[in-house]
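Me: Please take a close look at the salt bridges in this structure. I would like to know which side chains take part and where they sit.

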Amino acid sequence: MSFDFENREILKPIKMPDDSISMTATSDNTTISTLFEKFSVNLQTEKDALSGAVFTGFYIPVKVVQGNKYINYIQNLRGVVHKDADARIILSLDLGGKLITIEFPYGEKTEVDLFRSFPRRVKNGKTNSYLATLAITVERRSVKSIAFIEIDSFDLAIGIMPKQK
């Protein structure tokens, strides 16, 4: 898959064979949207384990317009989190080379629609690619506790900044 800055479009939209991840461009061709069908950890019954983990990732070669000094990324993550105080959920995100950790710690009951935005400005260099790895780790202290997290989508808006004088 490749993103063409000049035409503001994804050159090869993809859909994974198992239909668990799909990537498309928005109608204005400025954002790559990754939709997840099964990117979740669900520990809610006594038959479920005390811990669980899942991860995914994707790579996008970026064709850049020459003469630009910076590339701007706006990365938006959406999902849902439900957990008891006896559970803990950790999101570890490596987004374009920057590690971000989001923790929903023990001791707090959490029921939220998750939205996080991560703007980033990087120097336009020889390696113009975008690599993201997303990992979810869930722990619970008792089989009676519930812990559920599902990531629905990850949007990546890629923009360029002209060379500054």
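Reply: What follows goes through the salt bridges and then turns to the nonpolar core.

The model is predicted. Five salt bridges are present in it. Three of them are described here, beginning with the network that involves Arg88, Glu103 and Glu139.

In that network, arginine 88 pairs with glutamate 103, and their closest N and O atoms are 3.0 Å apart. Arginine 88 belongs to strand E9 (residues 87-95) and glutamate 103 to strand E10 (residues 98-104), so this salt bridge ties together parts that lie 15 residues apart in sequence. Arginine 88 also meets the side chain of glutamate 139 in a salt bridge, with an N to O distance of 3.5 Å. Here the partner is in strand E12, while arginine 88 is in strand E9, so the parts tied together are 51 residues apart in sequence. Arginine 88 thus takes part in both pairs.

As for accessibility, arginine 88 has a relative value of 24% and counts as partly exposed. Glutamate 103 is likewise partly exposed, at 41%. For glutamate 139 the relative accessible area is 27%, and this residue is partly exposed as well. Each of these values falls between the 20% limit for buried and the 50% limit for exposed, which is why none of the three is put in either of those classes.

Another salt bridge joins lysine 144 to glutamate 46, with the closest N and O atoms 3.4 Å apart. This pair links distant parts of the chain, 98 residues apart. Lysine 144 is in the loop between strand E12 (129-140) and strand E13 (147-162), whereas glutamate 46 is in the loop between strand E6 (40-43) and strand E7 (51-63). Both lysine 144 and glutamate 46 are exposed.

The nonpolar side of the picture is as follows. The largest nonpolar core comprises 36 residues, and those with the most contacts inside it are Leu77, Tyr130, Ile136, Ile149 and Ile151. Strand E13 gives the most to this core, contributing six residues. Leucine 77 can serve as an example of the surroundings: with neighbours within four places in sequence set aside, its contacts include Leu91, Leu93, Leu114, Phe115, Phe118, Leu134, Ile151 and Phe154. Arg116 and Ser153 are also among the residues in contact with leucine 77.

Terms used. Residues are numbered from 1 along each chain as its sequence is written. This is a predicted model: local features need pLDDT of at least 70, side-chain atom pairs count only at pLDDT 80 or more; totals for chains, interfaces and linings use all residues. Side-chain values use heavy atoms; hydrogens and water are left out. A salt bridge is a side-chain nitrogen of Lys or Arg within 4 Å of a carboxyl oxygen of Asp or Glu. Helices (H or I, at least four residues) and strands (E, at least two) are DSSP runs, numbered from the N terminus. Buried means under 20% relative accessible area, exposed over 50%, partly exposed in between (1.4 Å probe, protein chains only). A nonpolar core is a set of buried Ala, Val, Leu, Ile, Met, Phe, Trp, Tyr and Cys residues joined through side-chain atoms within 4.5 Å. Contact means heavy atoms within 4.5 Å.
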